[in-house]
Amino acid sequence: MRAGAPGGWDCDVEPDPADHASTSDTAQTGSDGEDTDVKDTARRPGRPRSERAEQAILQATIDAIGERGIDGVHCEDVAARAGVGKATLYRRWPGKEDLLIAAFAAMRRPLPTPRGESAREDLIALLTVVAADADDPRYAQQYALLHGAGERYPRLVARYKERVVEPRRDLVRSVLRHGIETGELRPDADVEVAMLLLTGAVMVRGKHDSSPAAPGFVERAVDELLRGIATQQPS
């Protein structure tokens, strides 16, 4: 770990690193003169969090990942690209892993909140966003980088799945479970299999086909699944 850097900020991700524990609750001073707090990633009271700075840092990280890969992301370079001091990075993210995960998450479009009126309509709304992500060239790069990093950085990949992938899958699961509760879907429907079939169909298509999804693709994918698990067949 680099001397004077907050826990987790060695500016290089070590393969499967051990958790860095904070040894002090006191503020430290960054090399650019800004005070940083090892334990708290949010700004101190009286210093409003700068959304603009955060977005600039995330975009700078995304750009660095695209140009140099995971190993080529360095805190000095990210800070310079974003026009902020390194202490600004330290305040917001405990370490480089956290910044990388936040940057990967920022590449994903936010999913809509299910309305709960129709499982079919909610699934189409969610999968439409997933399809748009899959059609984004950055997604193919992201998938390749994370897939390739699995052996070297298993904790990074595991944390990415936990923080980014699973919450999105949980939304699809919640729609399916609600559909079972309302009687729209069969009570014996396998929620996990249905979720994987839906998300897999959309994401794999984007991975292997560089052209955008054809109009109506998501609707057809959802309806094909519902033919097997719906109590009434989609029209």
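This is a chat about the fold and the empty spaces of one predicted protein model.

Visitor: So what am I looking at? How many helices and strands does the chain have?
Guide: Keep in mind that this is a predicted model. The chain has nine helices and two strands.

Visitor: In what order do the elements run from the N terminus on?
Guide: The order is β-β-α-α-α-α-α-α-α-α-α.

Visitor: And how many of the residues count as buried?
Guide: The chain has 235 residues, and 43% of them count as buried.

Visitor: What about contacts between residues at least 6 apart in sequence?
Guide: Of those contacts, 66% join residues at least 24 apart.

Visitor: What does the accessible surface come to?
Guide: About 12200 Å² for the chain, with 53% of that belonging to carbon and sulfur atoms.

Visitor: Changing topic. Which residues does UniProt place under "DNA-binding region"?
Guide: The UniProt record, an unreviewed entry, puts that feature at residues 74–93.

Visitor: What does the chain look like over that stretch?
Guide: Residues 74–93 are 75% helix and 0% strand. The C-alpha atoms at the two ends of the stretch are 14 Å apart.

Visitor: Okay, on to empty space. How do you find it in the first place?
Guide: You roll a probe the size of a water molecule over the atoms, and that shows where empty space is left.

Visitor: How much space lies in the largest pocket?
Guide: About 440 Å³.

Visitor: Which elements give two or more residues to its lining?
Guide: For the largest pocket, those are α6 (137–149), α7 (154–182) and α8 (191–208).

Visitor: Who sits nearest the centre of that pocket?
Guide: The lining has 18 residues, and Tyr-139, Tyr-143, Val-165, Arg-169 and Met-203 lie nearest the centre. By class, the pocket lining divides into nine nonpolar, four polar and five charged residues.

Visitor: How many cavities of 30 Å³ or more are there?
Guide: The structure holds two of them. The largest cavity has about 140 Å³ of space, and the second largest has about 40 Å³.

Visitor: Let's take the largest cavity. Which element supplies the largest share of its lining?
Guide: That's α7, with four residues. At least two lining residues come from each of α5 (119–135), α7 and α8.

Visitor: Which residues line it?
Guide: Among them are Arg-108, Leu-111, Asp-133, Val-172 and Thr-199. Tyr-139, Val-165, Arg-169 and Met-203 line the largest cavity, and those four are also among the residues nearest the centre of the largest pocket. Sorted by class, the cavity lining has seven nonpolar, one polar and four charged residues.

Visitor: You mentioned Thr-199. Where does that residue lie?
Guide: Thr-199 is in helix α8.

Visitor: Is Thr-199 buried or exposed?
Guide: Thr-199 has a relative accessible area of 9%, so it counts as buried.

Visitor: What is Thr-199 in contact with, leaving aside its neighbours within four places in sequence?
Guide: Leu-127 and Val-172. Of those two, Val-172 also lines the largest cavity, as Thr-199 does.

Visitor: And the second largest cavity, which residues line that one?
Guide: Met-107, Arg-108, Asp-133, Asp-136, Arg-138, Tyr-139 and Gln-142. Arg-108, Asp-133 and Tyr-139 also line the largest cavity.

Visitor: Which element gives the most there?
Guide: For the second largest cavity that's α6, with three residues. The classes come out as two nonpolar, one polar and four charged.

Note on methods
Residues are numbered from 1 along each chain as its sequence is written. This is a predicted model: local features need pLDDT of at least 70, side-chain atom pairs count only at pLDDT 80 or more; totals for chains, interfaces and linings use all residues. Side-chain values use heavy atoms; hydrogens and water are left out. Buried means under 20% relative accessible area, exposed over 50%, partly exposed in between (1.4 Å probe, protein chains only). Contact means heavy atoms within 4.5 Å. Accessible areas come from the Shrake-Rupley method with a 1.4 Å probe; for residues, only the protein chains shown count as cover. UniProt positions are given in the numbering used here, feature names are shortened, and annotations may be inferred rather than shown by experiment. On a 1 Å grid over the protein atoms alone, a cavity is a set of points where a 1.4 Å probe fits but cannot get out, and a pocket is an open set with protein on both sides within 12 Å along at least five of seven lines; lining residues have an atom within 4 Å of a point. Grid points are joined across faces, edges and corners, and a volume is the space filled by probe spheres set on the points. Ala, Val, Leu, Ile, Met, Phe, Trp, Tyr, Cys and Pro count as nonpolar, Asp, Glu, Lys and Arg as charged, and the others, Gly among them, as polar.
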